[in-house]
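Hi everyone, thanks for making time this morning. I'd like to walk you through one chain, so please have a look at it with me.

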Amino acid sequence: MENYNVGVIMRKKREALGYTRRKMCEVCHWEFTEKTLCRLESGRGSVRRESIGALLELYHQQFYTADVLLDLEGSSAGKLYYEIPVLLFQENYQEAQRKLELLERYINKCSKTGRRYLETMKRHLQCSTEGDEMDGEEAIRFFEVLLGDMLPEGADLEKWPMNHIELNIFLIFLNILSLKKQNKQITLISRRLLANIERRYQPGWIFANLHGCFSCKLIRAMHKTGEDDRIQELAEKSIKICKEAGNIPRVYQLQRELLCYWEENDFFQNAGLKEQCFETAKKMYFLSAVCADRGSCSYFKRYLKRVYGYVNIY
C-alpha cells in the first residue's frame with residue numbers, strides 16, 4: 001500500500017466528514033485504534049488493508065481506484081479511454097459510440113465499478129444524442145444513486161477528494177440536470193465542485209479541463225437564474241487556469257460562453273466591448289480550427305457572420 005498517498009486521501013476524507021480520529025474509530029466500532037489511523041494518515045510504517053477494512057468501506061475507497069477498469073495490456077485500450085471524452089467534447093457522438101463499443105471489450109465485466117463506468121458513459125451519449133427525448137427523471141435517479149455510492153452521507157462536497165472519473169460523473173449529472181432546466185441545483189453543485197478543484201488545483205491538464213467544464217455549466221445556470229454579476233469574473237478565472245495548463249479547447253469553449261452572454265445582454269451599446277468580442281471570436285475560430293473541433297469552429301464562423309457580417313474566413 002502506498003501509505004503516503006493513501007494517508008493524505010484518508011485524512012482529507014475524514015476532515016470532509018468533520019470527524020476527529022477518535023470519532024472515526026467510534027464510527028467504525030473500534031475495528032482499529034487511533035494509533036493505527038494516525039500511522040495511516042501520516043504515512044509512517046505499514047498498515048495492512050485488513051486492519052482498516054471498515055474505514056475503506058466507509059470512505060468508498062474502491063471508487064478512488066476506479067482507473068483499474070481497463071486491461072491496459074491491450075495497447076489500444078488506454079488510447080480509446082482518453083479519446084472518447086475528446087470526441088464527446090467535439091460533439092462527434094457517432095465516433096464516440098463506436099469507440100465506446102471497442103473499449104467495452106477491455107472492461108472487467110466482473111467489476112461493479114467497471115459496469116457502472118460503462119453505464120455512465122452510455123447514459124452520457126444518450127443524454128447528448130436524445131436530448132429532451134430521454135427519460136430525464138429516470139436518469140437523474142440513476143445518478144443520484146451512483147453519486148450516493150461515491151460520497152458517504154454528510155461528506156462536504158467542497159472538501160471530499162475525488163479523482164477525474166468521479167468528477168466526470170458529476171459533469172454528466174449536470175448535463176442531465178440542464179436538460180430538465182434545474183438551474184438552481186446546477187449552480188449549487190457547480191460552485192462546490194469548483195471549490196473542490198481549486199483546493200487541490202495544480203497546473204494539470206485534466207483538472208483544469210474539469211474546472212473549465214464546471215465553469216461553463218455554472219455560467220449558463222447563473223445566466224438563466226439572473227445571477228449575472230459574477231459571470232465575467234468566473235469565466236476569466238477559469239480561462240486563466242486553462243491557459244496555464246495548456247488546455248486550449250476549454251479556453252475557447254469558455255470564450256464562447258462569454259460571447260453568448262455578452263450578445264444576449266446587448267453588448268452593442270459598448271463599442272469597445274463589441275470590438276473586443278470581434279477580435280476574440282476571430283482568434284477562437286482559428287484556435288478551434290487548429291484543434292480540429294468542427295462544432296466550435298462552425299459556431300464561431302456563424303457568430304462572426306451573424307453579429308458582424310464578417311465573411312473573410314478561410
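Let me start at the surface: which residues make a nonpolar surface patch of about 310 Å²? Tyr82, Trp205 and Ile206 make that patch. A patch here is built from residues with over 30% relative accessible area and no salt bridge, with like charges joined within 9 Å and nonpolar side chains (Val, Leu, Ile, Met, Phe, Trp, Tyr) joined within 5 Å. A salt bridge, in turn, is a side-chain nitrogen of Lys or Arg within 4 Å of a carboxyl oxygen of Asp or Glu. Areas come from the Shrake-Rupley method with a 1.4 Å probe, and for residues only the protein chains shown count as cover. Tyrosine 82 sits in helix H5, residues 77-89.

A word on the source: this is a predicted model, where local features need pLDDT of at least 70, side-chain atom pairs count only at pLDDT 80 or more, and totals for chains, interfaces and linings use all residues. Residues are numbered from 1 along each chain as its sequence is written, and side-chain values use heavy atoms, leaving out hydrogens and water.

Now the overall picture. The chain has 15 helices and zero strands; these are DSSP runs numbered from the N terminus, helices being H or I with at least four residues and strands E with at least two. Of the 314 residues, 47% are buried, meaning under 20% relative accessible area, with exposed being over 50% and partly exposed in between (1.4 Å probe, protein chains only). The accessible surface comes to about 16,600 Å², and carbon and sulfur atoms hold 48% of that.

Next stop, the cysteines. How many disulfides does a search of the whole structure find? Zero, taking a disulfide as a pair of cysteine sulfur atoms within 2.5 Å. Cysteine 25 has its closest cysteine sulfur in cysteine 28, at 7.4 Å, so that pair is too far apart for a bond. For cysteine 216 the closest is in cysteine 213, and 6.7 Å is again too far. Both cysteine 25, at 1% relative accessible area, and cysteine 216, at 4%, are buried.

Last, my favourite spot: is serine 238 buried or exposed? Serine 238, in helix H12 (residues 231-244), is buried, at 0% relative accessible area. Leaving aside residues up to four places away in sequence, serine 238 touches His211, Gly212, Ser215 and Leu254, a contact being heavy atoms within 4.5 Å. Its C-alpha lies 6.5 Å from that of histidine 211, 27 residues apart along the chain. Thanks, all!
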